[in-house]
Each structure stands twice: as C-alpha cells, then as structure tokens.
Amino acid sequence: MIVGTPIEQQPSFKADFQHAASETYLITQLSFKLLSYLGVGYRWVCKLMALGLYALFLMPGFIQIGWYYFTSPCVHRSIVYGDQPRNSRLDLYLPENLDKPMPAVAFVTGGAWIIGYKAWGSLLAKRLVERDVIVACIDYRNFPQGTISDMVEDVGNALSFFCNNIASFGGDPNKLFLAGQSAGAHLSSCALIIQAKKQKLNGRSRVMWTPSQFKMFFGISGGYNLLELVDHFHQRGLYKSIFLSVMEGEESLPRFSPELVVKRKDFQPWMHLLPPAMLFHGTADYSIPYHATVRFADSLRAAGVKVTTKLFPHKTHTDLFLQDPMRGGRDELLEHIVALIYEGEDAPESVVSEQLVPEILLQLARLVSPF
C-alpha cells in the first residue's frame, strides 16, 4: 500500500513505444547536430569505438537491468515534471511494501553533459529499492539540446517536484537525500548552490524548495572545478571547443565551478543553507581525477559545511557505479550510502546481489572503458 496519493497507472506498452519513438527521433536529430560540433578527430573516434566495445562486454548486465526497468512493477517511468522533451520526466522506483513513509533519494545521472539519461540510474535504484529506499532518477537536457544553464535549471525544477511531491508517493519528507554521479554530481552541487543563493536573497517563503530539505548530498566521482578540468577533458577526447560550448564559454567556467563558488566571500552568508556532503571517488579514476573530490571537500570544509570523503583504492570512474554492482555480492558504495540513509536507526537487512556479468567480461570492459 502506498502512503499518500496513489501513483497513476503505469503507461501502456503502446504509450511507452510512442514515447520511445519520439525520443529516438529527437536523439537522432541531436546526434547529427552534435556531430557537426565534433567534426573528425581521432580521439573521439577512438572513444566511440571503445564505448561500443565497453557496452558489448557489459551487455549481459544491461539486458537484465533493461528487463527490470521495463517490466518491474516497482519502476514507474517518465513521470512528468517539466515542459521540454528531455527535461520533462523522471523515473520513480518504489519498494514493494510501502506501509510507512520511507527515505527517498533524488538521483542525477552522469553522461559528460552529453549522453546523460534517467535510465542510467536503474542499477543503483534497483539496489536501493531492495533496501526500502524510494529513488527518483532525473532526466535533464543534454548538449546540444541545452547548455549548462539549461541543465542546472532542469535539475532544480526536478528537485522542486521531488521535494514537493515525494510524500504523495510514500516518501518521508524528513528523510530526503540528493545524489549525483560524474556530471550529475556537478549539476547537483550547482543546483544546491544556486538554490541556496535564491533562498538567502528571496526568503524561505518565496522559493519552491530549499537545500536544507535534503539531509545529505552524495557526490559520486564528480568534477567541481571546471577551470582545472577543461584541458584534462580535452586530452581525454572531450575537446575544449565542445566543452566550452556546453559550458557557455570560458567566462562561465568559474560561475559553474562549485569548488570556486564556495570560496567566494559573497557566498559565505548562505553557506549554512547547504546540506552535509558525502563525497565518493575512486583513486584510479582517469576521467575525473580523485583530487577533484578532495579539493572540493577542502573548500566546503573551509566554508563551514560538514563534509566527509571516501576514496576507493584502485577504482576507476565506472567501477563504483557499474562494474562493481554488476559483479554481485557486497557493493561497498551502496553499503556506505545505505548506512548514512539509515544512520541512527535499524537498516533493512543487506541483500546479496546476484552477479549480472561474468568476471572475464567485467575485466575486459574495465580494460577498454573510455571512461
């Protein structure tokens, strides 16, 4: 039984098919537009080929997660929260027995600000739902459909919907959490900072949601200082010209660099409005070096925000989020998150996860990963 207003009936297969067709058409258009930005370069061509191999090796896991995503009664897809084709929906994952209000996590997926999609959070959401946690996976416009301002706006609108409606779906409004992975961690932290400023300038009664409604922010493998990452991304295949187009020019980089924003003196009056942060990163992450998390944590700590970091030795950018969960058994990242969600109370028993991909394929995927 769901506490509060019952969720609307799951869309029919026909509706799902029509929505998928319209999104496929949109993505195809955007892909050709993106190609016009990319031009021809050996780095991105190599990355594209590596991505294909990476997906192929992990395909057994993707098929099983896809089956869960489209058939499980726990997954409520494409709940509307906005008015744009790619920023108008989120997926809601609900535990089977909602006999009392439960903790809820808003999750913002990664994707280099270009290939993000709400379904990318299915594996983490599945694991959390098994531990009696509601999860909302948020979609947002990607480049070239939108630039960084649009993405942050979309995330902010989705968080407003989440904070104001999650109780209707069985969520406990006193146990809300925000999580983001990679680009999603960056966008989430930007949204928190911008909303804190709005709250300070306009007053609590004149904003739709507040950062303090979240008990904690979980940042997973995020990058928080764009000025220090732009050349690194260029060397990794995300060319500087494209990255600056995504970020609305070089002059916008400091404004969308949370590490730099929290250091500014004019931001200090509203630092206390930010929730505590728990930042995770793998030390073998070559997509976004783990120093990005360490420096952001230092900046938050210096500004008076309660922050903790957890570094995972020898873990890459995708180990924490994909390969390790697909390996089955104990998921260290998940256990840390669940422990913090249920801190001070009895957490549901740990569920032994099944292995989704053979070990040899996981090792091959790690070897060719473009991330």
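**Buried contacts, aromatic pairs and internal spaces**

Met326 is found in helix H11, which spans residues 319-327, and in this predicted model the residue is buried, with a relative accessible area of 1%. Leaving aside residues up to four places away in sequence, Met326 touches Leu58, Gly61, Phe62 and Leu123, together with Glu354, Gln355, Leu356, Val357 and Leu362. For one of these partners, Leu356, the C-alpha atom is separated from that of Met326 by 5.0 Å, although the two residues are 30 residues apart along the chain.

A second buried position is provided by Gln181, which belongs to strand S5 (residues 171-181) and has a relative accessible area of 7%. Because a residue counts as buried when its relative accessible area is under 20%, Gln181 falls within the buried class at its 7%. When residues up to four places away in sequence are not counted, Gln181 touches Phe107, Val108, Thr109 and Gly110, and also Ile220, His317 and Phe321. Between Gln181 and His317, which are 136 residues apart along the chain, the C-alpha atoms are separated by 9.6 Å.

These two residues may be set against the protein as a whole. The secondary structure comprises 13 helices and eight strands, and of the 371 residues of the protein, 54% count as buried. Among contacts with a separation of 6 or more, 79% are accounted for by residues 24 or more positions apart.

Aromatic side chains were examined next. A pair of aromatic rings is described by the distance of the centres and the angle of the planes. The structure holds 12 aromatic pairs, among them that of Trp113 and Phe243, which is edge-to-face, with 5.7 Å from centre to centre and 70° between the planes. Trp113 lies in the loop between strand S3 (102-108) and helix H4 (122-129), whereas Phe243 lies in helix H8 (residues 240-246), so the pair ties together parts that are 130 residues apart in sequence. Both Trp113 and Phe243 are buried. A further pair, formed by Phe162 and Phe214, is stacked, with 6.1 Å from centre to centre and 10° between the planes. This pair likewise links distant parts of the chain, since Phe162 is in helix H5 (residues 148-165) and Phe214 in strand S6 (residues 214-220), 52 residues apart. Phe162 and Phe214 are both buried. Trp113 and Phe243 also belong, together with Phe233, to one aromatic cluster.

Aromatic rings are also approached by charged side chains. The charged end of Arg77 sits over the ring of Tyr69, at 5.9 Å from the centre of that ring, and Lys126 lies over the face of Tyr68, at 5.5 Å from the ring centre.

Enclosed and open spaces were considered last. Rolling a probe the size of a water molecule over the atoms shows where empty space is left. The count comes to four cavities of 30 Å³ or more, and the largest cavity has a volume of about 80 Å³. The lining of the largest cavity is made up of Ser189, Leu192, Ile193, Phe217, Leu274, Pro275, Ala277, Phe296, Leu300 and Val305. The elements that give two or more residues to this lining are helix H6 (183-202) and helix H10 (291-302), and H6 gives the most, with three residues. By class, the lining of the largest cavity has nine nonpolar residues and one polar residue, and no charged residues.

The second largest pocket holds about 490 Å³ of space. Of the 24 residues that line this pocket, the closest to its centre are Val152, Cys190, Ile194, Gln195 and Lys198. At least two residues of the lining are supplied by each of H5, H6 and helix H9 (258-261), and H6 gives the most to the lining of the second largest pocket, with seven residues. Helix H6 is thus named as the main contributor both for the largest cavity and for the second largest pocket. The lining of the second largest pocket divides into 13 nonpolar, five polar and six charged residues, whereas the lining of the largest cavity has no charged residues.

Conventions: Residues numbered from 1 in each chain as written. Heavy atoms only, no water. 1 Å grid on protein atoms, 1.4 Å probe; cavity = no way out; pocket = protein on both sides within 12 Å on 5 of 7 lines; lining within 4 Å. Points joined across faces, edges and corners; volume = space filled by probe spheres on them. Helix = DSSP H or I, 4+ residues; strand = E, 2+ residues; numbered from the N terminus. Nonpolar A, V, L, I, M, F, W, Y, C, P; charged D, E, K, R; others polar. Buried < 20%, exposed > 50% of the residue type's maximum accessible area, 1.4 Å probe, protein only. Contact = heavy atoms within 4.5 Å. Phe/Tyr/Trp six-rings, centres within 6.5 Å; stacked < 30°, edge-to-face > 60°. Lys NZ or Arg CZ within 6 Å of the ring centre and 35° of its normal.
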